[in-house]
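Please examine the sequence and the structure shown below. The paragraphs that follow lead from the surface to the interior.

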Amino acid sequence: MPIDKSWMQSGRSSEDYFAGVESFLNYAYNHVKPDDSKIFCPCSKCSNRYRHLRYEVHKHLLYNGIKLTYTTWYLHGEGEDEASDESDESDSDNDGHDVASMEQDDDMHGLIEEGCPQDPNGDAHKFYKLLEEAEQPLYAGCESYSNLSFAVNLMHIKGIGTMSNKAFGMLLTLLKNAFPFCEKLPTTTNGAKKFISDLGLHYDKIDACNNDCIIYYKEHANATQCPTCKLSRWKRQGKGRKKKGKRVPWKVLRYFPLTPRLQRLFMSSKTAVDMRWHFKDRVKDGVLRHPVDSEAWKSFNQIHESFGMEPR
């Protein structure tokens, strides 16, 4: 029976295209070796030159589109002996397994579509771009570091060693001059920060009163002095400084938003499973093994039933 490939000509936001991508992945993974988890990616950018995991191929096909000239899936099993009834039965038997594996791989597409039904939002695009950077070696043949991991490690050393921006910039320049074949190695502190900023693990700066009375947030966001102790929001400038210089707050609170961090955990197939472990896989024998077994958690779920039923 010929394979239906009409979906390849459909728009990427259509239901036919989504279903077609799923059918292609099911077909391709029915023709791989049991110990092989990667296949050639037929998206318009990879063009069957690179091998990726299933969720990555799924992502590429949705965002880049399939290569329209790839009408014979010769790299994914088409042409092999699969016309027998036994092969057809095998395909149907494996359908459930493939759907289950996709469900466990990632729910990231569903998570993104909750806020954007047609196309992924900008943050998701940036994150997936970083995933691709994480697969690119620092230089040809390097197995220890990728472009992303090396930049993250450098920033980690800077933070642990309390290295100044100037010293860190000089180190980056030295590394770039010594290893010119590391093409994407940043050469400035700002360049390194920008390179990893798309991880979305940023923080917000919120000014605070020097006496810890309030933070200048929400209704106090534009206040110039503390309503409790009447202390100015800004430090007094010393003698000889310009009066119209940049105002410096007494204290700064660095707030790390929770939402983007949770989103990143659910965008990874490995951590997404762990994030749902308390709901699906934990031992339920009445013994307190996890906070979900506590009375407080159970009480909260009873009050907010719809929230409690959603494992994410």
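A residue is called buried when its relative accessible area is under 20%, exposed when this is over 50%, and partly exposed in between. The model discussed here is a predicted one.

With these limits, Tyr255 can be classified: its relative accessibility is 41%, and therefore it counts as partly exposed. Tyr255 is situated in strand β4, which comprises residues 251–255. On the surface, Tyr255 joins Ile215, Tyr217 and Leu253 in a nonpolar patch, and together these residues have about 360 Å² of accessible area.

A patch of another kind, one of positive charge, is also found on the surface, where Lys193, Lys205, Lys246 and Arg254 gather. Of these, Lys193 belongs to helix α8, residues 189–197. Lys193 counts as partly exposed because its relative accessibility is 37%.

We now turn to buried residues. Helix α2 spans residues 54–64, and ten of its eleven residues are buried, so the helix is largely enclosed by the rest of the structure. Among the buried residues of α2 are Arg54, Glu56, His58 and Lys59, as well as Val57, Leu61 and Leu62. After α2 comes Gly65, which has a positive phi, near 85 degrees.

Helix α9, residues 258–267, has as its buried residues Pro260, Arg264, Phe266 and Met267. These cover an arc of only 165 degrees around the axis, and therefore they lie on the same side of α9. A general rule is useful here: an α-helix has 3.6 residues a turn, so residues three or four places apart point the same way.

Conventions
Residues numbered from 1 in each chain as written. Predicted model: local features only at pLDDT ≥ 70, side-chain atom pairs only at ≥ 80, totals over all residues. Heavy atoms only, no water. Patch = residues over 30% accessible without salt bridge, like charges linked within 9 Å, V, L, I, M, F, W, Y side chains within 5 Å. Areas by Shrake-Rupley, 256 points an atom, 1.4 Å probe, with all protein chains shown as cover. Salt bridge = Lys/Arg side-chain N within 4 Å of Asp/Glu carboxyl O. Lys, Arg positive; Asp, Glu negative; His and termini not counted. Charge placed at Lys NZ, Arg CZ, Asp CG, Glu CD. Helix = DSSP H or I, 4+ residues; strand = E, 2+ residues; numbered from the N terminus. Buried < 20%, exposed > 50% of the residue type's maximum accessible area, 1.4 Å probe, protein only. Arc of directions from axis to C-beta.
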